[in-house]
Amino acid sequence: MPRDPKKPRPLVADGRVYLWTLRHSNRVLGGGRPGDCRETLTLYPHPVSTGGPLRIVFAEGPGRYVPGGFPLGSGNVGYVRGDSLNLNEPGAVRALLDAASARGWQPGERRAVEVDGWPLLEAAAARSRRRNSARSTVTLRLL
């Protein structure tokens with residue numbers, strides 16, 4: 001049975017539980033054309049009383065892509081000539097959470113915090129690559 005895309009997903013990081021969602025949105029521009037696409041990844045510390053949500057926003061702009069579907073899947077964000085992430089992957093979400101924490105976000109803050117995701121992307125993509133590389137090495141050793 002497929003996962004309900006509107007249902008928050010759990011993530012455990014450093015002994016703390018988060019629920020996370022991913023939403024694509026855009027505004028309607030002149031002539032009825034969609035534009036100003038953005039992906040918003042929201043992490044909610046759980047239980048709710050332990051902190052406010054962290055919203056990591058990736059807005060389209062020059063040299064960046066934030067597709068809403070075909071031909072690239074929704075949830076893919078990246079630089080046209082550089083790093084990218086699939087925000088539907090828990091490993092990418094964890095890497096972004098770690099990057100936001102390294103830049104000063106505190107999970108115990110009581111208010112909602114919204115941050116630009118682009119400054120976090122390169123560090124998160126590098127962390128994700130290292131994690132995948134380590135996982136591949138372990139798999140090869142097991143074979």
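## A predicted chain and its buried core

T42 is found in strand β3, which covers residues 34–46; helices (H or I, at least four residues) and strands (E, at least two) are DSSP runs, numbered from the N terminus. The model is predicted, and for that reason local features need pLDDT of at least 70 and side-chain atom pairs count only at pLDDT 80 or more, while totals for chains, interfaces and linings use all residues. Residues are numbered from 1 along each chain as its sequence is written, and side-chain values use heavy atoms, with hydrogens and water left out.

The protein chain has 2 helices and 8 strands, and along the sequence they follow the pattern β-β-β-β-β-β-β-α-β-α. Of its 143 residues, 36% count as buried, where buried means under 20% relative accessible area, exposed over 50%, and partly exposed in between (1.4 Å probe, protein chains only).

T42, with 6% relative accessibility, counts as buried. Leaving aside neighbours within four places in sequence, T42 is in contact with L19, W20, T21, P53, L54 and R55, contact meaning heavy atoms within 4.5 Å. Beside T42 in the sequence comes L43, and L43 and L96 have the most contacts inside the largest nonpolar core, which has 29 residues. A nonpolar core is a set of buried Ala, Val, Leu, Ile, Met, Phe, Trp, Tyr and Cys residues joined through side-chain atoms within 4.5 Å. At least two residues of this core come from each of β1 (9–13), β2 (16–28), β3, β4 (54–59), α1 (90–102) and α2 (118–142), and α1 gives the most, with 7 residues. In soluble globular proteins, nonpolar side chains tend to be buried together. Not counting residues up to four places away in sequence, L43 touches L11, Y18, L19, W20, P53, L54, I56, V93 and L97.

Helix α1 also holds A100, which is buried, with a relative accessible area of 4%. Outside its neighbours within four places in sequence, A100 is in contact with L54, W105 and L120.

Strand β4 is largely enclosed by the rest of the structure, because 5 of its 6 residues are buried. This strand pairs with strand β8 (residues 113–116) in the parallel sense over 4 bridges, and V57 has D116 in β8 as its bridge partner; two strands pair if DSSP finds at least two bridges between them. Elsewhere, 3 strands form an open antiparallel sheet in the order β5-β6-β7.

The structure holds 3 aromatic pairs. Rings of Phe, Tyr and Trp (its six-membered ring) pair if their centres lie within 6.5 Å, and planes under 30 degrees apart count as stacked, over 60 as edge-to-face and the rest as tilted. Two of these pairs are set out below.

| Pair | Centre to centre | Angle between planes | Kind |
|---|---|---|---|
| F58 and W118 | 5.1 Å | 90 degrees | edge-to-face |
| Y79 and W118 | 5.2 Å | 50 degrees | tilted |

The pair of F58 in strand β4 and W118 in helix α2 links distant parts of the chain, 60 residues apart, and the pair of Y79 in strand β6 and W118 does so across 39 residues. Ring pairs thus link F58, Y79 and W118 into a cluster. F58 counts as buried at 0% relative accessibility, and W118 is buried as well, with a relative accessible area of 2%.
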